[in-house]
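Visitor: Hey, could you walk me through this one? I'm new to reading structures.

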Amino acid sequence: MLPKPQTCVGCPFYGTGNGFVPDRLNDLAEVFILGQNPGEDEERGRRVVGYEGKRPTHEPCEPQPFVGVTGYDMDHNYLPRIGLSRSQVSVGNAIRCRWHGDNMLPPLKAVIMRKALSHCQAAHFKLPAKTRVIVAQGEYALYAATQE
C-alpha cells in the first residue's frame, strides 16, 4: 500500500494516511477513463491476469487504477471494441483511496462525500493536454468531472 501524499491531509477520507492509488496518465492519450474509487486489488497492487474457474488470478504490480476485475474486463472486452488498448488511454479515479478500507462510499448527496471528491480532484486530478474525451464511469466520476 502506498502512503497518501501530503496533499491528502485535510481530506475527510484521510484516515490512517495509507492506501493512495495515483492516476496513470498518458500524455499522448486522447481518452481519460475516470472511475469511482479503487478496489482492494488496485490499493494492494494486484493485477488480475486471468481466471481459474470464477476466481481471478493475480500478479503483483504498482498500485494503480483499473488493475482489478473491472480493469481486466475493460482491457479484454471494452477497450478492444473501440479500437483502443490500455497503453492508449489515461486512467484514474474520482477518489484515490478506499474509505475505511472498503469499496462502499457514502451517498453522493452526503456532505462528506462531496468534500472528499472536491478535495481529491483539486489535489490530484491532472488532465493531459491531448485529452479530448473523458469517460466517467458512474455518478461519482461524473460529479467529480462536472460538479453536477
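Guide: Sure. Keep in mind that this is a predicted model. Let's start with Ala-116, which lies in helix α3.

Visitor: Okay, is Ala-116 buried or exposed?

Guide: Ala-116 counts as buried, because its relative accessibility is 0%.

Visitor: What is Ala-116 in contact with, leaving aside its neighbours within four places in sequence?

Guide: Ala-116 is in contact with Cys-11, Pro-12, Phe-13 and Ile-95. Take Ile-95: 21 residues separate it from Ala-116 in sequence, yet the two C-alpha atoms are 7.4 Å apart in space.

Visitor: Let's zoom out to the helix. How many residues does α3 have?

Guide: Helix α3 has 14 residues, running from 111 to 124. From first C-alpha to last, α3 reaches 20 Å, which is close to the 20 Å expected at 1.5 Å a residue.

Visitor: And which residues of α3 are buried?

Guide: Met-113, Ala-116, Leu-117, Cys-120, Gln-121 and His-124 are buried in α3. They sit on the same side of α3, because they cover an arc of only 120° around the axis.

Visitor: Those numbers skip around. Why do residues three or four places apart point the same way?

Guide: An α-helix has 3.6 residues a turn, so residues with that spacing point the same way.

Visitor: Nice. Which residues are exposed on the other side of α3?

Guide: Val-111, Lys-115 and Ala-122 are exposed there.

Visitor: What covers the buried residues of α3?

Guide: The cover includes β4, residues 89–93, and α4, residues 139–146.

Visitor: New topic: rings. How many aromatic pairs does the count come to?

Guide: The count comes to three aromatic pairs. One of them is Phe-13 with Trp-99: the ring centres are 5.2 Å apart and the planes are at 20°, so this pair is stacked.

Visitor: Where do Phe-13 and Trp-99 lie?

Guide: Phe-13 lies in the segment before β1 (31–35), while Trp-99 is in the loop between β4 and α3. They are 86 residues apart in sequence, so the pair ties together those two parts. Phe-13 also counts as buried, because its relative accessibility is 3%.

Visitor: Got another pair?

Guide: Yes, Tyr-51 and Tyr-72, an edge-to-face pair with 5.3 Å centre to centre and 80° between the planes. Tyr-51 is in strand β2 (residues 46–52) and Tyr-72 is in helix α2 (residues 69–81), so the pair links distant parts of the chain, 21 residues apart.

Visitor: What is the relative accessible area of Tyr-51?

Guide: Tyr-51 has 37%, so it is partly exposed.

Methods
Residues are numbered from 1 along each chain as its sequence is written. This is a predicted model: local features need pLDDT of at least 70, side-chain atom pairs count only at pLDDT 80 or more; totals for chains, interfaces and linings use all residues. Side-chain values use heavy atoms; hydrogens and water are left out. Helices (H or I, at least four residues) and strands (E, at least two) are DSSP runs, numbered from the N terminus. The expected span of a helix is 1.5 Å times one less than its number of residues. Buried means under 20% relative accessible area, exposed over 50%, partly exposed in between (1.4 Å probe, protein chains only). The arc is that of the directions from the helix axis to the C-beta atoms. Contact means heavy atoms within 4.5 Å. Rings of Phe, Tyr and Trp (its six-membered ring) pair if their centres lie within 6.5 Å; planes under 30 degrees apart count as stacked, over 60 as edge-to-face and the rest as tilted.
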